[in-house]
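Please open the model in your viewer and keep the sequence panel beside it. The tour below moves from one selection to the next and says what is to be found at each stop.

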Amino acid sequence: MKTLEDIQIRDPFVVPLEREGRYYMYGSTDSNIWGKGTGFNVYVSEDLSTWDGPLPVFRPDENFYSDTNFWAPEVYQVGERWYMFATFRRKDNDLLGTAVLVAESPLGPFVPHSDGPVTPMEWSSLDGSLHLDSEGNPWMVFCHEWQQTGDGEVRAVRLSADLKRAEGEPMLLFKASEAPWTTPFLHKRYPGRNNYVTDGPYLFHGEDGVLNMLWASFIDNRYALGLARSRSGDVLGPWEQAPDPLYRDDGGHGMVFRTFGGERLLAVHAPNQTPDERPIFLRLEEADVGIRTNGRYAPE
């Protein structure tokens, strides 16, 4: 058994399965996510304190289109099947893209479902996240990477009902520089350019029914997590940026889940340096001032 302090993981994504009394935590689990990809693992807990694992849920076969940069798996149950949205660097053009995998169980094994990435082939795209609109139509919200655009973008694209392909063109939701809290990201490969990063979009409804989006960027080259809200209540926005980050202590790529007791938690990884990344759960509270964190969650 492991505690959170024992688990090196980036981009933690927690799926509570109350009928089993178990939480499943996925994420970027290679010890060096910047290099060759091994696959994805899951950790399983009954109390959010001690965890079984790592248990393998995806391992590529020899014909898989990527062998590098296996990132940010998000897992959703749709009908009777489980779908994983994950980012991989393609062998054919060396660009990132988000693909869809499928399994019959949250423990996998996950196998390719889409025909390669569903993001545009000529784009470097990452961190695709599933969103179902008010009519139940599936969308994927993802990042068009800052290394290609300079000013990182968050975009949304309609998906086919079977989640195998994109339908239509990706729509621009916002650019990283539109948030008042972000600062240019200094990178030695892009000297003299004002780079603004977008990472890890994740949509959720607040207690007031408002559609919110978590997304990550940088403040003075330290990882931070921001919050935006859709003024229309729709995935296409327009999106209004919170003036201040939700979390700025060198952590981010967040998602929101509920404990079996009904408490709403924010999951992030921190710090943002390999191999020190660890999952952190923070309490969320909503008041007149909006959504904010209220300390770390400590299971009883």
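Which residue takes a positive phi in the hairpin of β9 and β10? Select the five residues between these two strands and you will find that it is G136, with a phi near 85°. Bear in mind throughout that this is a predicted model.

**The whole chain**

Before going further into that hairpin, show the whole chain as a cartoon, where one helix and 20 strands are to be found. Along the principal axes, the C-alpha atoms fill a box of roughly 50 × 45 × 40 Å. The radius of gyration is 18 Å, which agrees with the value near 19 Å that a compact globule of 300 residues would have. If you colour by accessibility, buried residues make up 57% of the 300 residues in the chain. Of the contacts with a separation of 6 or more, 48% are between residues 24 or more positions apart.

**Strands β9, β10 and β11**

Now return to the hairpin and select β10, residues 138–144, together with β9, residues 125–132; the two run antiparallel and are joined by six bridges. To find one point of register, label L130, whose bridge partner in β10 is M140. Strand β10 is mostly covered, seven of its seven residues being buried. Show its side chains as sticks and look along the strand: P138, M140, F142 and H144 point one way, while W139, V141 and C143 point the other way, and all are buried.

Next add β11, residues 153–159, which is joined to β10 by six bridges and runs antiparallel to it. Here V141 of β10 is the residue to label, since V141 stands opposite A156 in β11. Six of the seven residues of β11 are buried, so this strand is largely enclosed by the rest of the structure.

**On to β12**

From β11, extend the selection to β12, which pairs with β11 in the antiparallel sense over six bridges. R158 stands opposite E167 in β12, which gives you a pair to label. The hairpin of β11 and β12 has six residues between the strands, and among them L163 takes a positive phi near 65°.

**The loop between β12 and β13**

Two residues in the loop that follows β12 deserve a stop, and the first of them is V197, placed between β12 and β13. V197 has a relative accessible area of 2% and is therefore buried. Measure from its C-alpha to that of C143 and you should read 9.1 Å, although the two residues are 54 apart in sequence. Leaving aside neighbours within four places in sequence, the contacts of V197 are W146, A176, F185, W215, A216, S217 and F218.

The second residue is Y190, and it is best shown together with W146. The chain has 27 aromatic pairs, and W146 and Y190 form one that is edge-to-face, with 5.5 Å centre to centre and 70° between the planes. This pair links distant parts of the chain, for W146 belongs to helix α1 (residues 146–149) and Y190 to the loop between β12 (166–175) and β13 (199–205), 44 residues apart. Both W146 and Y190 are buried.

**A four-strand sheet and a ring cluster**

Move now to the open sheet of four strands, whose order is β5-β6-β7-β8 with antiparallel pairing. Its edge strands are β5 (66–78) and β8 (111–112), each of which pairs on one side only. Strand β5 runs antiparallel to β6, residues 81–90, and eight bridges join the two; Q77 has W82 as its bridge partner in β6. Then select F40, F58, F64, Y65, F70 and F88, which ring pairs link into a cluster.

**Last stop: D250**

Finish at D250, in the loop between β16 (239–241) and β17 (252–258). Is the side chain of opposite charge nearest to D250 within or beyond salt-bridge distance, for which the cut-off is 4 Å? That side chain is R222, 4.5 Å away, and D250 is buried yet has no salt bridge. To see its surroundings, show the residues in contact with D250 other than neighbours within four places in sequence: R222, Y223, H269, A270, P271, N272 and Q273.

Terms used. Residues numbered from 1 in each chain as written. Predicted model: local features only at pLDDT ≥ 70, side-chain atom pairs only at ≥ 80, totals over all residues. Heavy atoms only, no water. Buried < 20%, exposed > 50% of the residue type's maximum accessible area, 1.4 Å probe, protein only. Lys, Arg positive; Asp, Glu negative; His and termini not counted. Contact = heavy atoms within 4.5 Å. Pairing = 2+ DSSP bridges. Phe/Tyr/Trp six-rings, centres within 6.5 Å; stacked < 30°, edge-to-face > 60°. Rg over C-alpha atoms; globule rule 2.2 N^0.38 Å.
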